[in-house]
Amino acid sequence: SRRAGVGAEVGAEVGAEARYPPIFEEAPRCSESTLEAVLAAGPEALLTGGPLLLRNATAGWAANAWDDAAIAAAVGETLVEMMAMPTTTHPTLDAAADALVEPARCSVYVADFLKLTGEAAEAVPFEAYLAQLNLLRLPPLLRGVCLSTALPPSSLSIANLWVGGALMKNGLHFDLYDNLLYQLRGTKRALLFPPADAKHLYYGAATIRRHGFDLAAGGVTNETTFDKVRHNVAKLNVFADDVASTHPAVARASPSLCEVRRGDALFLPRGWHHAVISTSRGARRNLAVNLWYAASASGQGQGLSALADMFQQEGCGAGAEGGAAGGGGKEEL
């Protein structure tokens, strides 16, 4: 039920700001299927088959109706952590310090973040987004998300919300969870490499420094401080036009490129290297939900499936845990 995506059609629709360097734009498009075919094949087939793009994966989700007004009404007074950075790309390379520089962290109310980054926002001297918000802390929003049985619900570990503006670029890294990423608004262009490509992708012990944030001084500061050492972040900028000459080993890697549009889901197995460009044409909003599973790694699951009744219960399509087939899935937040 898998078939390769059509790269030429995708490329014609992509603006210059959302393109990777030619060495990656020329990569094959990832395989794609439908949620129905995946459900028929079963979780084991999904877990052993590599990355897969699922079309029309959010049918019936109440979250399809989310916009800034609905999110603000539901959780606008919730205090969350905002990522703020001087450019749309993170992390950035600090060659002098032999470090990767990550965004500043600062607290913000959800409603204020939406105003800061929305269509009517005035220009600010920094970029901002909300990353990896724990949806268990946002129950009114979690009730708009259907829990699929494409992967075993018993292995669900984390449910996250991602909220961005018009453009954001997340550098190359890998995670130790199986990932189902659902795109609700805007588009994500995911550059993928198999685990075996690690030797071509400039990994190693990466010193992470972090920007400071001082609103009185205009936002993000140039001064950075040591945060931690990470081993799952590549020490190269896959968005740089000259990456093939500055990091020639990437030419020996085997990339693929996935265009994740509104309503799609991307299954990404644990250990796959990925970079992501999130973009939104017209409305300045990019929304996604991802569910991390410990389906192929024993001992990591946190048993979130026991909280299945916190997810959407009515209107979910076939293959949803606890949801009834059919219905409109348009419950109010």
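Let me start with Glu102, which touches His90, Pro91, Ile208, Arg209, Arg210, His211 and Arg230, leaving out residues up to four places away in sequence. Keep in mind throughout that this is a predicted model. Glu102 sits in strand S7, residues 99–102. Is Glu102 buried or exposed? Its relative accessible area is 9%, so Glu102 is buried.

Two of the contacts just named, His90 and Pro91, deserve a second look. The peptide bond from His90 to Pro91 is cis, and its omega is near -10°. Pro91 itself belongs to the loop between S5 and strand S6, the latter covering 92–94.

That pair also leads to the cavities. How many cavities of 30 Å³ or more does the structure hold? There are four. The largest has a volume of about 60 Å³. His90 and Pro91 are both in its lining, together with Thr89, Leu93, Leu100, Gly171, Leu172, Val233, Ala234, Leu236, Asn237 and Phe239. Strand S5, residues 89–90, and strand S11, residues 167–173, each supply at least two of the lining residues of this cavity. By class, the lining has eight nonpolar residues, four polar ones and no charged ones.

The second largest cavity holds about 40 Å³ of space. Which residues line this second cavity? They are Ile71, Val75, Val110, Leu114, Leu130, Leu133, Leu138, Leu141, Leu161 and Val163. By class that gives 10 nonpolar, no polar and no charged residues. Four elements, H5, H6, S9 and S10, each contribute at least two residues to the lining.

Now to H6, since Val110 and Leu114 turn up again there. In this helix, residues 110–117, the buried residues are Val110, Phe113, Leu114 and Thr117. Looking down the axis of H6, the buried residues fall within an arc of 100°, so they line one face of the helix. What do the buried residues of H6 pack against? Two of the partners are helix H5, at 68–75, and strand S4, at 79–85. The others are strand S8 at 104–109, strand S9 at 127–134 and strand S10 at 156–164.

Next, backbone angles. Asn56 is not a glycine, yet its phi is positive, at about 55°. Asn56 lies in the loop between strand S3, residues 52–55, and H5. With a relative accessible area of 52%, Asn56 is exposed. Asp98, also not a glycine, has a positive phi of about 50°. Its place is in the loop between S6 and S7. Asp98 counts as exposed because its relative accessibility is 54%, and the cut-off for exposed is over 50%.

Last item: Asn290, in strand S19, residues 286–293. Is Asn290 buried or exposed? Its relative accessibility is 2%, so Asn290 counts as buried. Which side chain does Asn290 join through a polar contact of 3.1 Å? That partner is the side chain of Asn179. Setting aside neighbours within four places in sequence, Asn290 is in contact with Ile158, Ala159, Asn160, Trp162, Asn179, Leu180 and Leu181.

To recap the polar and charged side chains covered here: Glu102 is buried at 9%, Asn290 is buried at 2%, and Asn56 is exposed at 52%.

Key. Residues are numbered from 1 along each chain as its sequence is written. This is a predicted model: local features need pLDDT of at least 70, side-chain atom pairs count only at pLDDT 80 or more; totals for chains, interfaces and linings use all residues. Side-chain values use heavy atoms; hydrogens and water are left out. Buried means under 20% relative accessible area, exposed over 50%, partly exposed in between (1.4 Å probe, protein chains only). The arc is that of the directions from the helix axis to the C-beta atoms. Contact means heavy atoms within 4.5 Å. On a 1 Å grid over the protein atoms alone, a cavity is a set of points where a 1.4 Å probe fits but cannot get out, and a pocket is an open set with protein on both sides within 12 Å along at least five of seven lines; lining residues have an atom within 4 Å of a point. Grid points are joined across faces, edges and corners, and a volume is the space filled by probe spheres set on the points. Ala, Val, Leu, Ile, Met, Phe, Trp, Tyr, Cys and Pro count as nonpolar, Asp, Glu, Lys and Arg as charged, and the others, Gly among them, as polar. A polar contact is a pair of N or O atoms within 3.5 Å; within protein, one must be able to donate a hydrogen and the other to accept it, and residues adjacent in sequence count only if both atoms are side-chain atoms.
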